[in-house]
Amino acid sequence: MRIFRFSVFIALLFIIACKDEPKQEPEAPEDSTDSLVVESVDTVLSADAIQTFSTSGIADYARKKSPSFDWARFRMVSTYEEDSLLASAFTPEKDFYKNYGPFLKYSPDSSHFIDLDSYNIDITRDAQGRLTGAEIGPDTEIGLVDLTGKTRSRLLFMGPGGNVEDGLWLDNSTVVLMGTQENQQGERVPTIWRYHIPTKTFFVYELPDPSMAGSLADYWKTERLKGVAIK
């Protein structure tokens, strides 16, 4: 009888101990993906970007001047975040859209546009509707206008060592500018500036061949602003 009572007592102690032991929560599996979507960028232009460039007007212009011009030869030379683009309220002058409207580059959803010209060229329209453009100075400024926020940001600014010939959109978030600038060796080379709006990040690509710089030269004057008499 004593042996039976002792066995019952030991069994009760075992049950109580099991109840008091803290339960171990199963460990959550490690998440292999980031919580933020980060744009993946290679050192070469993507196939989609090359296809977009290849069907643009500036591509035809470049190939006519240099048949060997190839967007696939561009290589990324730098990338950086720009958290503080110089911005101001967008309050266009009365004739802004009348004079510059045909040359603005709108995003696919029309929420933004690239202003390639208003800082650099004074475009006016006479009584007969003819457009005349006067170059303002040696510097170049490209504006990015947010129509929802009604702001204009300085997307790119450079001196006489560089220029922008054209611009386009890869999607609603990605602006691309095409032109030339001096590389680290002081040679002017074809250059692409790619700006991703959500991450405020620039990606700069160059074609490492100074002989190709002339392939893009004066596209803005002879083709993009065709119909504007440049003084």
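Trainee: In which loop is the place of Gly 161?
Mentor: The model under discussion is predicted. In this model, Gly 161 follows strand E8 and precedes strand E9 (162-171). Its place is therefore given by these two elements, and the answer is the loop between E8 and E9.

Trainee: Which residues does Gly 161 touch, not counting residues up to four places away in sequence?
Mentor: A contact requires heavy atoms within 4.5 Å. With residues up to four places away in sequence set aside, the residues touched by Gly 161 are Thr 180, Gln 181, Glu 182 and Arg 188.

Trainee: Is Gly 161 buried, partly exposed or exposed?
Mentor: Buried means under 20% relative accessible area and exposed means over 50%. Gly 161 has 29% relative accessibility, so the class is partly exposed.

Trainee: What distance separates the C-alpha atoms of Gly 161 and Pro 138?
Mentor: Along the chain, Gly 161 and Pro 138 are 23 residues apart. In space, the separation of their C-alpha atoms is 9.1 Å.

Trainee: How many residues of strand E7 are buried?
Mentor: Strand E7 covers residues 140-146 and is described as mostly covered. Of its seven residues, the number buried is six.

Trainee: Which residue in E8 is the bridge partner of Glu 141?
Mentor: E7 pairs with strand E8 (residues 151-158) in the antiparallel sense, over seven bridges. The two strands form a hairpin with four residues between them, and Lys 150 in the turn has a positive phi of about 55°. Within this pairing, the partner of Glu 141 is Phe 157.

Trainee: Which residue lies over the face of Phe 157?
Mentor: For a charge to sit over a ring, NZ of Lys or CZ of Arg must be within 6 Å of the ring centre. At Phe 157 the distance from the ring centre is 4.3 Å, and the residue concerned is Arg 154.

Trainee: Over which ring does the charged end of Arg 194 sit?
Mentor: The distance from the charged end of Arg 194 to the ring centre is 5.9 Å. The ring belongs to Phe 203.

Trainee: Which residue in E7 is the bridge partner of Phe 113?
Mentor: Strand E4 (residues 112-115) pairs with E7 in the antiparallel sense, over four bridges. Phe 113 also belongs to a cluster linked by ring pairs, together with Phe 90, Phe 96, Tyr 97, Tyr 100 and Tyr 106. Its bridge partner in E7 is Val 145.

Trainee: What kind of aromatic pair do Phe 96 and Tyr 97 form?
Mentor: A search of the whole structure finds 15 aromatic pairs. For Phe 96 and Tyr 97, the rings lie 5.2 Å apart, centre to centre, with 85° between the planes. Planes over 60 degrees apart count as edge-to-face, so this pair is edge-to-face.

Trainee: Is Phe 96 buried or exposed?
Mentor: Its ring partner Tyr 97, at 38% relative accessibility, counts as partly exposed. Phe 96 has 9% relative accessibility and therefore counts as buried.

Trainee: What angle lies between the planes of Tyr 195 and Phe 202?
Mentor: Tyr 195 is buried, and so is Phe 202. Their rings form a tilted pair, 4.6 Å centre to centre. The angle between the planes is 40°.

Trainee: Which strands stand at the edges of the open sheet E5-E6-E13?
Mentor: Three strands form this sheet, and the pairing is mixed. An edge strand has a single partner strand, so one side is left without a neighbour in the sheet; these are E5 (121-125) and E13 (228-230). The twist from one strand to the next averages 25°. The edge strands asked for are E5 and E13.

Trainee: Which residue in E6 stands opposite Ile 123?
Mentor: Five bridges join E5 to strand E6 (residues 131-135), and the two run antiparallel. Opposite Ile 123 in E6 stands Gly 133.

Trainee: What is the phi of Ser 110?
Mentor: Most residues other than glycine have a negative phi. Ser 110 lies in the loop between strand E3 (105-106) and E4, and its 43% relative accessibility counts as partly exposed. Although Ser 110 is not a glycine, its phi is positive, about 60°.

Trainee: In which loop does Lys 200 lie?
Mentor: Lys 200 has a positive phi near 55°, and at 38% relative accessibility it counts as partly exposed. Its position is the loop between strand E11 (188-196) and strand E12 (201-206).

Conventions: Residues are numbered from 1 along each chain as its sequence is written. This is a predicted model: local features need pLDDT of at least 70, side-chain atom pairs count only at pLDDT 80 or more; totals for chains, interfaces and linings use all residues. Side-chain values use heavy atoms; hydrogens and water are left out. Two strands pair if DSSP finds at least two bridges between them. Axes are lines fitted to C-alpha atoms, for helices over the stretch in contact, and angles run from 0 to 180 degrees between N-to-C directions. Rings of Phe, Tyr and Trp (its six-membered ring) pair if their centres lie within 6.5 Å; planes under 30 degrees apart count as stacked, over 60 as edge-to-face and the rest as tilted. Buried means under 20% relative accessible area, exposed over 50%, partly exposed in between (1.4 Å probe, protein chains only). A charge sits over a ring if NZ of Lys or CZ of Arg is within 6 Å of the ring centre and within 35 degrees of the ring normal.
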